[in-house]
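Here is a short set of exercises to work through with the coordinates open in your viewer. Try each task before you read its solution.

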Amino acid sequence: MSSAQSVINHHVQVLYSEHHNWLKGWLSQRLGNSTEAADLTQDTFLRLLGFPSSRHFSSSDQARSYLRATAKNLCIDLWRRKEIEKAWHDTLSSYPEETAPSAERQVAVLEALEEINLMLSELPAKAAK
């Protein structure tokens, strides 16, 4: 591991120890589900590790603001994914059991729908309609 990566990891470790419980509590209130909150909390800190350079915050408030914004975006992604999954499961429930696609096919279709949704969300609002 390079020294630059070591500094980034240390910085994220400090942020994690100082803000993990707060962020998990904030997400728990927002989601009403402690398991999903724990998952999104971890995903938020993993995103920090994915940046090529370390993010330095001048205050705890600035760090929390950044973590909250990142977590909020992850919540939006989760809600979108749930909407897609619900629509797909609603569609599947309309199929007679003997004609329903295999489990593998169902997963493949759901993954494709999520990819399409991601691509559409990156388009300008007028183009996505």
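How many helices and how many strands make up the secondary structure of the chain?

**Solution.** Keep in mind that this is a predicted model. Going through the secondary structure gives five helices and zero strands. Read from the N terminus, the order of elements is therefore α-α-α-α-α.

**Exercise 1. Describe burial and contact range for the whole chain.**

Step 1: start with burial. The chain has 129 residues, and 24% of them count as buried.

Step 2: turn to the contacts with a separation of 6 or more. Residues 24 or more positions apart account for 64% of these.

**Exercise 2. Find the aromatic pairs, classify each one and say what it links.**

Step 1: count. With ring centres required to lie within 6.5 Å, the total is two aromatic pairs.

Step 2: classify the pair of Tyr-16 and Phe-45. Their ring centres are 4.9 Å apart and the planes meet at 70°. An angle over 60 degrees counts as edge-to-face, and that is the class of this pair.

Step 3: place this pair in the fold. Tyr-16 belongs to helix H1 (residues 3–31) and Phe-45 to helix H2 (residues 34–49), so the pair ties together parts that are 29 residues apart in sequence.

Step 4: check the accessibility of both partners. Phe-45 has 3% relative accessibility and counts as buried, whereas Tyr-16, at 31%, counts as partly exposed.

Step 5: classify the other pair, Phe-57 and Tyr-66. Here the centre-to-centre distance is 5.4 Å and the planes are 40° apart, which makes the pair tilted. Tyr-66 has a relative accessible area of 22% and is partly exposed; the buried class ends at 20%, so Tyr-66 falls outside it.

**Exercise 3. Is His-19 buried or exposed, and which residues does it touch?**

Step 1: locate the residue. His-19 sits in helix H1.

Step 2: judge its burial. Its relative accessibility is 2%, so His-19 counts as buried.

Step 3: list the partners, leaving out residues up to four places away in sequence. His-19 touches Phe-45, Ser-60, Ala-63, Arg-64 and Leu-67. Phe-45 is already familiar as a member of the edge-to-face pair.

Step 4: compare sequence and space for one of these partners. His-19 and Ala-63 are 44 residues apart in sequence, while their C-alpha atoms are 8.4 Å apart.

**Exercise 4. Work out the surroundings of Thr-44 and Thr-70.**

Step 1: assign the elements. Thr-44 lies in helix H2, and Thr-70 is found in helix H3.

Step 2: read the accessibilities. Thr-44 has 0% and counts as buried; Thr-70 is buried too, with 11%.

Step 3: gather the contacts beyond four places in sequence. For Thr-44 they are Leu-23, Leu-67, Thr-70, Ala-71 and Leu-74. For Thr-70 they are Thr-44 and Arg-47.

Step 4: look at the side chain of Thr-44. One of its polar atoms lies 2.8 Å from the backbone oxygen of Leu-40.

**Exercise 5. Which residues does Arg-68 touch, not counting those up to four places away in sequence?**

Step 1: Arg-68 is in helix H3, and at 33% relative accessibility it counts as partly exposed.

Step 2: its partners are Trp-22 and Trp-26.

Step 3: for a spatial reference, take Thr-41. Arg-68 and Thr-41 are 27 residues apart in sequence, with a C-alpha to C-alpha distance of 9.8 Å.

**Exercise 6. Characterise the largest pocket.**

Step 1: give its volume, which is about 210 Å³.

Step 2: name the lining. It consists of Asp-77, Arg-80, Arg-81, Ile-84, Glu-114, Glu-115, Asn-117, Leu-118 and Ser-121.

Step 3: map the lining onto the fold. Helix H3 (60–93) and helix H4 (103–121) are the elements that give two or more residues, and H4 supplies the largest share, five residues.

Step 4: sort the lining by chemistry. There are five charged, two polar and two nonpolar residues.

Step 5: zoom in on Arg-80, a residue of helix H3. At 36% relative accessibility, Arg-80 counts as partly exposed. Beyond four places in sequence, Arg-80 is in contact with Asn-117 and Ser-121. The C-alpha atoms of Arg-80 and Leu-118 are separated by 9.3 Å, and the two residues are 38 residues apart along the chain.

Methods
Residues numbered from 1 in each chain as written. Predicted model: local features only at pLDDT ≥ 70, side-chain atom pairs only at ≥ 80, totals over all residues. Heavy atoms only, no water. Phe/Tyr/Trp six-rings, centres within 6.5 Å; stacked < 30°, edge-to-face > 60°. Helix = DSSP H or I, 4+ residues; strand = E, 2+ residues; numbered from the N terminus. Buried < 20%, exposed > 50% of the residue type's maximum accessible area, 1.4 Å probe, protein only. 1 Å grid on protein atoms, 1.4 Å probe; cavity = no way out; pocket = protein on both sides within 12 Å on 5 of 7 lines; lining within 4 Å. Points joined across faces, edges and corners; volume = space filled by probe spheres on them. Nonpolar A, V, L, I, M, F, W, Y, C, P; charged D, E, K, R; others polar. Polar contact = N/O pair within 3.5 Å; in protein donor to acceptor, adjacent residues only side chain to side chain. Contact = heavy atoms within 4.5 Å.
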